[in-house]
Each structure stands twice: as C-alpha cells, then as structure tokens.
Amino acid sequence: MRVLMYGWEFPPHISGGLGTACFGLTQAMALQGQRITFVLPRTSSTGSSGSPVTLLGCDQVEAEYSRTPEEFLEKYLTIETVDSPLYPYVNQEEYTKYMEAFARGRKDREIASDIPEKTTSGEGEYGPNLLHEIRRYASVAGSIATKVQHDVLHAHDWLTIPAGIEARRASKRPLVVHIHSLEFDRSGDHVNQHVYDIERAGMEQADRIIAVSNFTKNKITRHYGINPDKITVVHNAVIKRARAHAAPAPIKCPVKTVLFLGRVTFQKGPDYFVEAAAKVLSLRKDVRFVVAGCGDMLHRMIERVTELRIGRYFHFTGFLRGNDVSRIFGKSDVYVMPSVSEPFGISPLEAIQHDVPVIVSRQSGISEAVGNIFKVNFWDVRELADRILALLTYKPLRDVMTGEAAVELNTITWEKAARRVGEVYYQLEKAG
Amino acid sequence: MVNVCFYFQVHQPHRLRNYSFFDIGESHLYHDEAANGSIVRKVAAKCYLPANRLMLDLINRHQGQFRIAYAVSGTAIEQFRKFSPETLDSFRQLAATGCVEFINETYYHSLSFLFSQTEFEDQVAMHRQLIHDEFGQWPSTFRNTELIYNNDLATCIERLGYKTIITEGADRILQWRSPNYVYRPAPCSHLKLLLKNYQLSDDIAFRFSNRGWQEHPLTADKYTKWLHSSNGAGTTINLFMDYETFGEHQWQDTGIFKFLDHLPSQVLSHPDFRFATPGEVSATVAAEGEIDVPDFISWADTERDLSAWTGNAMQKDAMEHIFSLEGAVRETRNPDLIHVWRTLQTSDHFYYMCTKWFSDGDVHKYFNPYGSPYDAYTNYNNAAKDLELSLSREQ
C-alpha cells in the first residue's frame with residue numbers, strides 16, 4: 001500500500017524515543033512491502049531536524065544505526081522534508097528560546113545534509129510562536145497530499161496531527177493517527193488546552209487510531225472520550241542489536257551502578273528515583289546513582305540530592321548520545337524507569353539488550369508488554385528501593401531475569417508491530 | 001474386579017507477607033496471616049465444606065461402597081485449626097465412616113527428600129503422628145510432595161514400613177505399560193506402587209469445564225463409560241487430583257458437584273467395578289511387574305519432572321539456602337524457629353519462582369500470589385535472610 005506518513009526525525013539525527021519508534025516501524029513496514037513517503041520537518045540551515053539537542057533529555061541517539069539506516073532510506077523510503085524548526089517534545093518556551101538562538105546563530109551553523117531529499121519550500125518565515133508554526137507546517141505539509149499518490153495517511157503524535165487532518169481534507173484518504181504520547185502523559189493534570197484540543201480533534205477525525213499500549217488506549221478513551229473500537233494497540237519494539245558476545249564484558253567495579261536514563265521531567269519520575277536512592281543508601285553505601293539526561297526538573301533534582309546529603313553518590317551526566325548511551329548501560333547493574341506516565345518506554349528494552357536488569361513503573365506501556373522485569377508503582381519508593389536492593393544483592397535473581405528477558409526480547413519485534421499496522425490499513429481499505 | 005481408586009490432595013501453604021529488604025533484621029514475622037485466613041476460609045466455603053458434605057452423603061448413601069482417600073498436609077491442618085475448625089471437623093466425620101483412608105506425606109508439603117534424609121524422615125513422622133491424632137489412623141500409604149518420586153524414595157519408604165506408595169503414571173516410566181495395574185518399585189521387595197491415570201484424572205481436574213474440549217460437557221454417564229471400557233485391561237483406575245478441583249478450580253456452576261454426586265451409582269452399576277482406597281487396592285491386588293525410576297518424576301506440568309521447583313537458578317539458590325540452615329536451626333532447639341524454618345520449605349514457595357509459566361500456561365499463574373517469579377524470589381529470599389540473621393544472633 002502507498003502510505004503518506006507524517007513523522008519526525010530520522011536517523012542519524014534522533015533525539016528521542018519517538019524518532020526511534022518511527023524508524024523501527026517504517027523500516028519493518030517497508031520490508032513488508034509498504035511504500036512509504038515520509039514527511040518530516042527539517043530546517044534548511046542545519047539539514048537536520050531542528051532539535052536543539054542540548055535542551056532535551058533523550059533516550060536514544062544515532063550512532064548504532066548510522067550506517068544501515070541511510071542505505072535503507074535511499075532504498076525503500078521517499079523522504080519529503082518541510083522547512084520547519086519543529087521537533088518532538090517541543091513546548092512553547094523551548095520554541096521561543098530556539099527561535100532566538102536560531103536567529104542569532106543562523107549563519108554559524110554547518111550545512112550537512114546527508115540524505116537525498118526533496119524540500120518543499122517553507123514559503124516564508126517560521127511562525128512567531130509554536131501554535132502558529134504548527135498551523136503553518138500543517139498547511140505546507142498537508143498540501144503534499146495533493147502531489148504524492150497514497151492510499152492511506154498516517155500521522156505520529158500531536159505535532160503532526162494538524163498536517164494529517166489537512167492532508168485528509170485534501171486527498172480524502174483515510175487517516176491513521178498514531179499515539180506515542182499524550183498531553184496527559186507529558187504534563188499530568190496541568191494540560192495545555194491547545195495541545196489537548198489538537199490531540200482530541202485529531203483522534204476524533206481520524207479513521208483509526210493506533211495506541212502504543214493498552215495503558216495509552218485507556219487514557220485515550222478516558223480523557224478524550226474516544227470510542228475504544230476505533231483504537232488498535234500496537235506495542236513498540238526495539239531494533240535488533242548485535243549482541244557483543246565476543247567482546248569482553250565490561251569490568252564491573254565493586255561499587256554498583258543504578259541508572260536513570262531519560263528526560264529529567266515530571267513525566268519520567270526522576271524525583272522518585274532520587275527518593276528511592278536515599279532509601280537504598282540507608283542500607284548500603286557502595287552504590288552510585290547515575291542520572292543521564294536533561295530536562296526542566298534537573299536543577300530541582302540536584303537540589304534535592306544535596307538536601308538529602310547524598311550528592312556524593314550521584315552523577316548527573318547530562319544528555320548522552322550514541323556510544324555513551326551504550327557505555328552507560330554497559331556499566332550499569334540496574335536500570336530504573338520510574339515514569340509517572342509512560343505510554344510505552346523503549347529504553348527498558350535497550351537495557352535488556354545490554355543485559356541490564358530492569359525496574360519499571362506499572363504506569364507504563366512496557367509493563368504490559370514485557371514479563372521478565374520488575375514492576376512497581378511509581379509512587380512506592382520503598383518498593384522501588386527494595387527491588388533495587390534485591391537486584392544488587394541477589395545474583396541468581398539478576399542472572400535469571402536478564403537471561404529470561406533476553407529470550408523474551410526476541411519475540412518483541414518491529415516486524416510484528418508492522419504487521420499489526422498493515423492489518424489496520426487493510427481493514428481501512430476494506431471498509432473504504 | 002476393577003478398583004476405582006480416588007485420592008484427593010488437600011494442601012494450603014503458609015503464604016508469606018510482603019517482606020521487604022527493609023524488614024531484614026527488623027521483623028521476624030514472615031507469614032501473611034490475614035491472607036492465609038481469608039484464602040482458607042474462602043476455599044473452605046467453596047470447596048472443603050460442600051465437598052466433604054457431599055462425600056459423607058455419598059458414603060452413607062452407598063452404605064460403605066463409596067471409598068476414598070485424602071492426603072491433608074500438616075500446613076493445611078494447622079490452618080484449618082486456626083481459620084476453619086469446621087473443615088477439620090468434617091474431615092474427622094469422614095474418617096469416622098471407616099470408608100476413608102488418610103495418606104501420609106511430609107508435614108510441611110516440602111521438598112526435603114531432595115536435600116536432607118533426616119529432615120524428610122522427621123517430617124514424615126510428624127505427619128504420621130498428626131494423622132493419628134486428628135483422624136485416628138496409622139497411615140500405611142505414602143505420597144511425596146507433588147508426587148515427586150524415584151527408586152531411592154521407594155527404598156526409603158519401604159524401609160520406613162509403608163505398604164503402598166503413590167506417584168504419577170508418567171509415560172516415560174510406564175512406556176508401553178498401563179497405569180491401571182499395581183506395580184512393584186524396582187528396588188523393593190514388598191512395597192506396592194500405584195500410578196495415577198493422568199488421562200482420566202485430568203479429564204476431571206483440568207478439562208471438566210473447558211468448553212474447547214471436544215468431550216465438554218462431561219457427564220457422569222459418559223465418564224463412567226470410559227471407566228467401564230477398561231474392564232479386562234486393568235485392576236485399578238487411580239484417579240488422583242487436588243481436592244480443590246471441586247468448587248475451587250472447577251466452580252460449582254460448572255456442574256462439578258452434580259457430576260460427583262452421580263458418579264458412584266453409575267460406576268457401581270457394573271458388577272465388576274468397586275471403589276477402593278489405595279491401601280485396600282494394595283492389600284487385595286498383586287503386583288504385575290516392576291517399575292524402574294532412576295530419575296525423579298512428579299505430577300507437574302507436561303514435563304512431569306522437578307523443573308517447576310528447581311528449574312532455574314533462583315529456585316536452586318533459594319532451596320539450597322534454606323536447607324543450608326538445617327544444622328544451625330536444629331542447634332537452637334527452639335521449636336518456633338524450627339517451625340518457621342520448615343514452613344519455608346513448602347514447595348509452593350519455589351513453585352511461585354518458576355519462570356516456565358510464561359509459556360507453560362495458566363496453572364502457575366492461577367496459583368501465584370506474586371506478580372512475577374522475581375517478586376516471589378525476592379520476597380522469599382528477604383525472609384530467609386532474616387532467618388539466617390536470627391540464627392547467627394542466637395549462636
């Protein structure tokens with residue numbers, strides 16, 4: 001089938017889980033014979049997605065994928081870029097900051113476009129604020145639907161939803177809205193009404209919705225009043241990584257390392273990580289806690305660690321990319337994802353790939369998709385600390401959990417996800 | 001004459017409370033008395049009491065021709081005393097009919113035979129005494145926890161003076177032979193071996209309410225035809241199952257009690273068929289041949305081996321840990337501590353840690369109070385650590 005897809009960043013420029021998911025899914029879909037035109041925003045000055053990466057905390061970055069993806073892109077995908085500074089996880093404040101920085105540094109930036117692409121002209125300046133820019137992007141990107149042949153439209157998350165709606169109006173083709181994350185996940189009860197309205201309108205007008213988990217599906221029906229029959233759950237996966245069997249295992253020092261890796265924001269629950277760490281440290285001191293990522297709660301976290309007098313047991317690495325991510329997983333004894341609300345959560349799967357045992361919050365999609373991990377309620381810091389201590393203390397627990405998880409990981413593939421998406425398209429075609 | 005030989009397993013473990021790492025050295029209470037109480041009362045209401053009532057009625061109705069056997073674990077009896085004395089009374093009433101045999105096992109439903117001969121024999125003796133005290137019988141039939149069995153066990157049980165032993169009629173020990181005969185364990189001279197007919201037992205225990213099964217619904221009439229069709233090809237049909245099958249695993253609305261209600265009269269309508277307890281079968285039927293079982297078998301899962309309890313490194317570690325404390329525990333001569341240590345030997349704790357259940361199906365999940373085998377191991381190990389710590393302080 002011919003798919004016109006509105007998505008985000010692509011390798012080698014990946015700043016977060018959404019990019020990872022888009023890439024893994026489209027790659028598998030393309031290999032199953034879907035013909036995909038992938039539309040994404042990209043600034044003309046950088047040739048990459050506009051992401052000012054240092055402002056973000058991220059789950060996964062380029063290097064591992066950097067070669068094959070480009071070959072793959074050339075071979076199977078048509079890329080259409082629209083000149084725009086939009087990027088995933090952007091909010092108004094970041095957008096304004098970015099636009100200022102953009103204006104200042106426009107001339108200094110390198111031009112390094114390494115992917116063959118056609119660029120649809122931005123027709124003038126970027127929007128003065130985020131919502132204007134989304135609207136402007138929607139109209140430019142949506143118009144691509146009149147030029148590119150397609151049977152189905154597929155939009156990923158709220159930033160591309162207006163483009164998807166615009167495209168649907170233009171081409172009258174069915175629209176699939178794919179929800180990787182909701183305003184309710186990102187902001188808890190302090191939702192941005194504009195974002196919520198866009199999400200809701202998109203899901204109401206969509207012909208079908210794909211949610212990355214039942215956890216997300218339930219949120220969609222509960223908070224957005226969407227008919228559950230319209231929603232199909234397609235779990236994410238992780239791109240197979242060659243297991244480094246030949247390489248010697250990294251030498252683990254007697255001091256144990258517990259890792260938090262992700263944006264340091266309300267959604268990811270870094271505060272629960274810190275409180276659990278304090279409890280662990282009350283019983284043993286030979287543990288170090290690593291917070292890898294940036295975000296608007298970072299300063300608060302550093303303050304809290306100081307208040308608790310446990311600063312010397314903490315490392316704040318800032319945002320990590322590529323090999324540094326692999327390296328930090330390799331050095332870790334436990335990976336913790338204490339998210340308050342995590343639609344899926346691919347990074348625990350990456351931890352499993354590195355033979356690191358995982359603890360996730362039950363308030364996540366991953367907790368319904370994987371069995372061989374610990375699951376705790378994000379607010380239960382005592383239980384979280386208990387599970388961290390158990391993994392640090394009981395070697396058979398670690399061994400069995402990582403061994404069984406590695407086997408389980410083989411069953412969690414993008415091929416499976418792509419087949420499910422293909423079924424959704426097929427049903428739409430039949431109904432259409 | 002063909003014997004229909006029913007034996008029902010009655011067991012409740014002392015479940016552990018949520019015992020955190022932070023409790024180690026702080027609290028020595030491991031058991032979840034609230035959960036144990038509510039589970040025992042619930043199962044009593046759904047299964048033990050109505051099933052015992054029906055059994056008593058059937059025995060009376062058939063004037064002693066309906067005969068059955070139970071193995072009631074020591075941990076179950078302890079909990080009946082505490083949470084459901086009326087259940088224990090109803091078992092005593094059954095014992096008083098003279099039509100019910102009580103089978104000996106390890107008091108704590110433990111895997112002690114795998115680790116310690118002394119501990120095993122102690123628990124067998126404790127349970128033997130318990131059966132006598134509660135039901136007024138000295139048992140002559142033995143079954144090991146989860147029907148775990150091998151030649152060594154048979155040798156030991158013969159030496160302890162038992163006449164009959166029970167295990168699973170696993171294909172790999174029977175090969176071409178039928179479970180419907182009495183056998184002799186290979187190393188024994190007079191002990192008799194009764195083998196579970198797992199096909200016919202599981203038709204009731206597992207498949208009874210399965211709508212996907214082609215024989216569903218299973219009626220007493222149909223089932224009796226299957227039993228009667230074995231006439232001439234066997235001397236005993238051994239139907240061994242968890243007692244909780246009646247009302248707990250197979251809910252009342254599946255018709256399981258009606259099935260049971262009608263079964264005896266149907267079976268007895270054939271003059272060549274009668275009901276008999278394991279001890280009675282063993283006393284009246286000669287052994288047909290020898291069964292050699294060098295490696296352990298059990299009645300669990302499709303593998304019918306020990307993998308449900310010792311299949312992964314967590315289970316092995318937890319079991320080795322608990323039995324490694326034996327010397328120190330005995331030295332304390334502290335009955336409470338010894339009791340607590342023994343409750344941690346109950347096989348259920350290790351079953352909860354089984355990682356096979358992701359593929360092996362629902363049976364494990366159904367019985368597992370933990371979210372995952374990892375939670376089970378962590379909780380158990382925390383408690384075992386505390387016990388170890390207490391022992392080192394006692395010394």
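What follows is a chat between two people about a predicted model.

Colleague: Let's start with chain A overall. How many helices and strands does the secondary structure of chain A come to?
Modeller: This is a predicted model, so take everything here as computed. Chain A has 432 residues, and 62% of them count as buried. Contacts between residues 24 or more positions apart make up 75% of those in chain A with a separation of 6 or more. As for secondary structure, chain A comes to 16 helices and 14 strands.

Colleague: Is strand 2 of chain A enclosed or open, and how many of its eight residues are buried?
Modeller: Strand 2 covers residues 35-42 of chain A, and it is largely enclosed by the rest of the structure. That follows because the buried residues among its eight number seven.

Colleague: Which residue stands opposite A:L40 in strand 3 of chain A?
Modeller: Strand 2 of chain A has parallel pairings to work through. Five bridges join it to strand 1 (residues 2-6) of chain A, where A:R2 stands opposite A:R35. Seven bridges join strand 2 to strand 3 (residues 77-83) of chain A, again in the parallel sense. In that pairing, the residue opposite A:L40 is A:T81.

Colleague: On to packing. From which domains of chain A does the largest nonpolar core draw at least three residues each?
Modeller: The largest nonpolar core has 97 residues, and those with the most contacts inside it include A:Y6, A:M203, A:L261 and A:W414. The domains of chain A that each supply at least three residues are domain 1 (2-237 + 413-431) and domain 2 (256-409).

Colleague: And how many residues are in the other core, the one that lies apart from it?
Modeller: Among the members of that other core are A:A276, A:V334, A:V376 and A:V381. Its size is 73 residues.

Colleague: What is A:W414 in contact with, leaving aside its neighbours within four places in sequence?
Modeller: A:W414 is one of the residues with the most contacts inside the largest core. Its contacts include A:T20, A:A21, A:G24, A:L25 and A:A28. The rest of the list is A:N236, A:A237, A:V238, A:I239 and A:I346.

Colleague: Now the rings. Is the pair A:F374 and B:Y374 stacked or edge-to-face?
Modeller: A search of the whole structure finds 44 aromatic pairs over all chains. This pair crosses between chains, from strand 14 (residues 374-376) of chain A to helix 18 (residues 373-394) of chain B. A:F374 and B:Y374 are both buried. Their ring centres are 6.4 Å apart and the planes stand at 80°, so the pair is edge-to-face.

Colleague: What about B:F102 and B:F135, stacked or edge-to-face?
Modeller: B:F102 sits in strand 3 (residues 100-102) of chain B and B:F135 in helix 4 (residues 117-135) of chain B, 33 residues apart. B:F102 is buried with a relative accessible area of 0%, and B:F135 is buried with 7%. With centres 3.9 Å apart and planes at 10°, the pair is therefore stacked.

Colleague: Where is B:T155 found, and is it buried or partly exposed?
Modeller: B:T155 is found in helix 5 (residues 151-159) of chain B. B:A186 is 31 residues away in sequence, yet the C-alpha to C-alpha distance is 9.0 Å. Leaving aside neighbours within four places, B:T155 is in contact with B:P187 and B:C188. Its relative accessible area is 37%, so B:T155 is partly exposed.

Colleague: Which residue stands opposite B:N3 in strand 8 of chain B?
Modeller: Strand 8 (residues 236-242) of chain B is mostly covered, with six of its seven residues buried. It pairs with strand 1 (residues 2-10) of chain B in the parallel sense over seven bridges. The residue opposite B:N3 is B:T236.

Colleague: Last one: which are the edge strands of the open sheet with order 4-5-7 in chain B?
Modeller: That sheet has three strands with parallel pairing, and neighbouring strands are turned by 30° against each other on average, direction ignored. Strand 4 and strand 5 (residues 164-168) of chain B pair over three bridges, with B:T141 opposite B:T164. The strands that pair on one side only are strand 4 (141-143) and strand 7 (192-196) of chain B.

Terms used. Residues numbered from 1 in each chain as written. Chains lettered and ligands numbered in written order. Predicted model: local features only at pLDDT ≥ 70, side-chain atom pairs only at ≥ 80, totals over all residues. Heavy atoms only, no water. Pairing = 2+ DSSP bridges. Helix = DSSP H or I, 4+ residues; strand = E, 2+ residues; numbered from the N terminus. Axes fitted to C-alpha atoms, helices over the stretch in contact; angles between N-to-C directions. Core = buried A, V, L, I, M, F, W, Y, C linked by side-chain atoms within 4.5 Å. Buried < 20%, exposed > 50% of the residue type's maximum accessible area, 1.4 Å probe, protein only. Domains from an automatic or database assignment. Contact = heavy atoms within 4.5 Å. Phe/Tyr/Trp six-rings, centres within 6.5 Å; stacked < 30°, edge-to-face > 60°.
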